[in-house]
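Student: I've got a model open and I'd like to go through the wording people use for it. Can we take it term by term?

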There are 2 protein chains.
Amino acid sequence: MIRRLTIVGLGLLGGSLAKAARAESLAREIVAVGRRVGSLEPALADGAVDRITTDIAEGVAGADLVVLATPVATLEAQLPAVWRAAAEGALVTDVGSAKARIVRAAEALAAKRPLAFVGGHPMAGSNLAGYGVSRADLFRGALVILTPTERTSVDALKRASELWEAVGSRVMSLDPVTHDRAVAAVSHLPHLVADALVAAVARMDPQFFDVAARGFKDTTRIAASDPVMWRDIFEQNREALAEALAAFRAALGDLESLVRSGDGARIEAELERIRALRERLG
Amino acid sequence: MIRRLTIVGLGLLGGSLAKAARAESLAREIVAVGRRVGSLEPALADGAVDRITTDIAEGVAGADLVVLATPVATLEAQLPAVWRAAAEGALVTDVGSAKARIVRAAEALAAKRPLAFVGGHPMAGSNLAGYGVSRADLFRGALVILTPTERTSVDALKRASELWEAVGSRVMSLDPVTHDRAVAAVSHLPHLVADALVAAVARMDPQFFDVAARGFKDTTRIAASDPVMWRDIFEQNREALAEALAAFRAALGDLESLVRSGDGARIEAELERIRALRERLG
């Protein structure tokens with residue numbers, strides 16, 4: 001059992017983790033760190049956490065597990081303070097959706113003061129944000145990617161895995177760069193593409209939105225997400241996103257040429273191949 | 001009340017219309033025309049239709065309302081036979097998802113033998129196809145676009161509207177070319193883009209599919225649709241699709257430049273603008 005679990009940032013992910021950890025009795029004490037007392041108080045009131053503070057050093061000190069759940073752009077800036085305050089033997093992990101940069105920054109700090117760190121990314125986002133929409137079952141059935149490197153100890157990886165498994169997630173490991181390429185492909189690229197679809201329709205004729213049916217709504221749902229969060233994700237994962245965009249442009253260009261060719265048999269074969277790929281995802 | 005309603009093609013749309021017309025007692029007799037008796041028999045067995053035939057002339061003769069619900073590529077080829085067989089005073093309409101070509105073809109025939117025709121497009125598709133997935137409530141709450149031209153009589157438009165309203169749809173009118181541009185933007189383009197997203201991930205690394213979460217599944221759901229149907233739709237609406245693709249490329253290019261610029265405030269403002277557009281759709 002965790003003696004003290006400290007969660008820095010109580011938004012959708014941090015708040016849901018606090019609620020899930022409470023529900024599963026994973027920690028004797030749960031501490032929340034945030035920028036404003038006002039945004040932490042609801043979690044104290046509903047019993048999800050035992051103690052709140054706006055002082056990161058105070059919140060992190062004495063914790064055996066620290067989960068950084070602030071927006072991905074803030075995270076990197078917080079690491080030095082976390083490193084200074086964390087107890088020896090503490091495990092630090094995070095929930096950021098881009099991993100290479102944060103893992104590099106953590107390992108640079110660990111080279112000076114050894115501290116266990118594993119990057120993490122629970123794929124349980126939503127187009128809604130904030131503690132108000134957090135819930136104890138958010139991670140149930142979700143995929144959590146951990147991003148150990150050759151410097152990660154077996155014990156650190158095991159402790160991080162146990163945390164996420166205890167709240168019902170499936171855990172897989174990827175190296176940070178592969179993680180970033182994979183989420184660029186299946187998350188950040190689709191998001192940018194959904195944004196472009198909405199922008200394209202507005203550009204052609206905003207009245208065309210009146211004709212949008214379920215397919216368009218499904219395809220563009222993620223375009224209704226938090227602009228600040230996505231601005232930061234695009235920025236954090238710019239390089240891998242550029243690679244994914246290039247692959248997408250090539251794929252779209254090939255499809256367009258095929259449609260323009262009018263070669264019915266080849267068009268059908270390609271659409272059939274894509275359908276088979278998509279159907280495997282359920 | 002319709003004396004005889006003939007539906008040519010008993011797939012998802014034609015089958016659902018038969019069931020809905022039966023449920024609402026819209027027609028004294030419902031006749032289904034199809035290529036194979038075997039695929040029509042289930043509708044006879046479950047009482048959705050009263051009579052089945054593989055002979056289009058036989059099925060159409062004597063009907064006061066003929067709904068063409070065969071795949072969009074077949075539809076055009078069937079028109080001359082329908083024109084020859086249809087009774088004077090009959091209204092012919094269709095459910096194809098591209099309209100300019102079919103309306104042009106129908107009006108060319110009407111110039112020789114006057115017959116009431118209105119193009120129609122119920123936006124109630126699915127990635128599933130066939131009579132097996134048809135249902136009486138498919139059109140309830142759906143949008144049906146009718147595409148009258150200056151040659152369409154007020155009476156023909158009224159009769160077509162009444163049919164769709166009677167099965168619970170909202171009806172709007174657009175000229176055929178505007179219809180095709182609008183559905184290219186909000187339906188055919190998103191479909192091609194979803195196809196390209198799936199193809200791009202496969203191209204980068206098929207293992208990345210393992211990381212796909214709800215966002216990717218939502219965005220690419222339409223890529224799991226019937227390849228033959230979509231091959232035909234892309235072909236039928238090639239010109240408008242090319243226009244939509246150009247608008248999409250421009251929008252995507254602008255977004256990519258913006259992300260590359262690193263100008264956080266402008267990125268956020270643009271994502272906020274897009275979110276507001278998308279949120280209006282619900």
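Student: Which residues of α9(A) are the buried ones?

Tutor: Keep in mind that this is a predicted model. The buried residues of α9(A) are A:M229, A:W230, A:R231, A:D232, A:I233, A:F234 and A:Q236.

Student: What makes them count as buried?

Tutor: The cut-off is 20 or more other C-beta atoms within 10 Å of a residue's own, so each residue on that list meets it. That makes seven of the 10 residues of α9 (227–236) in chain A, and the helix is mostly covered. The cover includes α4 (72–85), α5 (100–112), α7 (176–204) and α10 (238–261) of chain A, together with α10 and α11 of chain B. For the whole of chain A, 51% of the 282 residues count as buried.

Student: How do you know which relation links chain A and chain B?

Tutor: Superpose chain B on chain A and you get a rotation of 179° with 0.0 Å of shift along its axis, at an RMSD of 0.1 Å. That is the relation of a two-fold axis. B:T219 is the residue of chain B that comes closest to the rotation axis, with its C-alpha at 1.9 Å.

Student: Why say that the copies meet through the same surface?

Tutor: Because 100% of the interface residues of chain B are also interface residues in chain A. In numbers, 67 residues of chain B are in contact with 69 residues of chain A. A contact here takes C-beta atoms within 7 Å. On the side of chain B that touches chain A, α7(B) gives the most, with 21 residues. By class, that side has 46 nonpolar, seven polar and 14 charged residues.

Student: Over to the sheet in chain B. What makes its pairing mixed?

Tutor: The order is β3-β2-β1-β4-β5-β6-β7-β8, an open sheet of eight strands. Strands β1 (2–8) and β2 (27–33) of chain B run parallel and are joined by six bridges, with B:I7 opposite B:A32. β6(B) and β7(B), on the other hand, pair in the antiparallel sense over five bridges, and B:G119 stands opposite B:T147 there. Both senses turn up, hence "mixed".

Student: How do you know that β7(B) and β8(B) really pair?

Tutor: Pairing takes at least two bridges, and four join these parallel strands, so the test is passed. One of the partnerships is B:L143 with B:R170 in β8(B). The chain gets from β7(B) to β8(B) through α6(B), and this β-α-β crossover is right-handed.

Student: What makes it right-handed?

Tutor: Point the strands away from you: the path from the first strand over the helix to the second then runs clockwise. That same α6 (154–166) of chain B lies across β4, β5, β6, β7 and β8 of chain B, at about 30° to β6(B).

Student: And why is β7(B) described as largely enclosed?

Tutor: Four of its five residues are buried, so the rest of the structure largely encloses β7(B).

Student: Last one: how much of the contact network in chain A is between residues 24 or more positions apart?

Tutor: Among contacts with a separation of 6 or more, such pairs account for 74%.

Definitions and conventions
Residues numbered from 1 in each chain as written. Chains lettered and ligands numbered in written order. Predicted model: local features only at pLDDT ≥ 70, side-chain atom pairs only at ≥ 80, totals over all residues. Buried ≥ 20, exposed ≤ 12 C-beta atoms within 10 Å, placed from the backbone. Contact = placed C-beta atoms within 7 Å. Least-squares fit on C-alpha atoms with pLDDT ≥ 70 in both. Axes fitted to C-alpha atoms, helices over the stretch in contact; angles between N-to-C directions. Nonpolar A, V, L, I, M, F, W, Y, C, P; charged D, E, K, R; others polar.
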